[in-house]
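Got your viewer open? Keep the selection panel handy, and we'll go stop by stop.

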Amino acid sequence: MVMNVYSPDFKADAVALCLSDPSHTFEGIGKDLGISRETLRNWVRAERARHGGGSTTSTEKNRVDSPPTAEELQAENEYYSLRSS
């Protein structure tokens with residue numbers, strides 16, 4: 001598996017985009033940016049940990065911290081299988 005290295009600016013912008021609107025999803029932003037939803041979720045978690053959890057609503061917290069659904073995992077697997085072809 002190839003490990004991608006992202007610049008701190010890219011990570012910060014991705015996290016800011018994710019946190020800018022509660023209707024954004026990790027899957028949607030990840031597809032737009034070409035990164036996995038799990039990578040983005042980890043970046044957001046790390047950012048929140050650095051800032052003491054921030055001011056998230058319980059709805060947003062559940063959306064962010066919930067495990068991926070089977071459909072989300074399948075979509076991500078399909079995406080990566082197409083990219084590696």
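Of the contacts in the protein with a separation of 6 or more, what percentage comes from residues 24 or more positions apart? The figure is 60%. Keep in mind as you click around that this is a predicted model.

**The whole chain**

Start with a cartoon view and color by secondary structure. You'll see five helices and zero strands, so to speak an α-α-α-α-α run from the N terminus on. Now switch to a surface view: the protein has 85 residues, and 20% of them count as buried.

**Where α1 meets α2**

Select residues 8-20, which make up helix α1, and then residues 26-33 for helix α2. Draw the axes if your viewer lets you: the two come within 10 Å and cross at roughly 140°. The crossing of α1 past α2 is right-handed.

Next, show side chains at this contact. On the α1 side, pick Phe10, Ala14, Leu17 and Cys18. On the α2 side, pick Phe26, Ile29 and Leu33. What kinds of residues make up the contact of α1 with α2: nonpolar, polar or charged? Seven are nonpolar, with no polar and no charged ones.

Stay with cysteine 18, which is found in helix α1. Is cysteine 18 buried or exposed? Cysteine 18 counts as buried because its relative accessibility is 1%, and the cut-off for buried is under 20%. Put a distance label from its C-alpha to that of isoleucine 29: the label should read 7.0 Å, for two residues 11 apart along the chain.

**Valine 15, also on α1**

Move to valine 15 in helix α1. With 7% relative accessibility, valine 15 counts as buried too. Which residues does valine 15 touch, once you leave aside neighbours within four places in sequence? Select Leu40, Trp43, Val44 and Glu47, and you have its contacts. One more distance to draw: valine 15 to arginine 41, C-alpha to C-alpha, comes to 8.6 Å, although 26 residues separate them in sequence.

**Salt bridges, one by one**

How many salt bridges does a search of the whole structure find? There are four.

Begin on α2 with lysine 31 and glutamate 27. Their closest N and O atoms are 3.5 Å apart. Both residues lie in helix α2, four residues apart, about one turn of the helix. Color them by accessibility: lysine 31 is partly exposed at 46%, and glutamate 27 is partly exposed at 21%.

Now select residues 37-50, helix α3. Zoom in on glutamate 38 and arginine 41, whose side chains meet in a salt bridge at 2.4 Å, N to O. What separates these two along α3? They are three residues apart, so about one helical turn lies between them. The two ends of this pair fall into separate accessibility classes: glutamate 38 is partly exposed at 27%, whereas arginine 41 is buried at 8%.

Further along α3, pick glutamate 47 and arginine 50. This salt bridge has its closest N and O atoms 2.8 Å apart. Again the partners are three residues apart in helix α3, about one turn of the helix. Glutamate 47 is partly exposed, with a relative accessible area of 24%. Arginine 50 has a relative accessible area of 59%, which means it counts as exposed, the cut-off being over 50%. Before you leave the salt bridges, select Arg37, Glu38 and Arg41 together: salt bridges that share partners join them into one network.

**Last stop: serine 36**

Where does serine 36 sit? Look in the loop between α2 and α3. Serine 36 is buried, at 10% relative accessible area. Show its side chain along with that of threonine 39, and you'll find a polar contact of 2.8 Å between the two.

How values were computed
Residues are numbered from 1 along each chain as its sequence is written. This is a predicted model: local features need pLDDT of at least 70, side-chain atom pairs count only at pLDDT 80 or more; totals for chains, interfaces and linings use all residues. Side-chain values use heavy atoms; hydrogens and water are left out. Buried means under 20% relative accessible area, exposed over 50%, partly exposed in between (1.4 Å probe, protein chains only). A polar contact is a pair of N or O atoms within 3.5 Å; within protein, one must be able to donate a hydrogen and the other to accept it, and residues adjacent in sequence count only if both atoms are side-chain atoms. Axes are lines fitted to C-alpha atoms, for helices over the stretch in contact, and angles run from 0 to 180 degrees between N-to-C directions. A crossing is left-handed if the near helix is turned anticlockwise from the far one by less than a right angle, and right-handed if clockwise. Contact means heavy atoms within 4.5 Å. Ala, Val, Leu, Ile, Met, Phe, Trp, Tyr, Cys and Pro count as nonpolar, Asp, Glu, Lys and Arg as charged, and the others, Gly among them, as polar.
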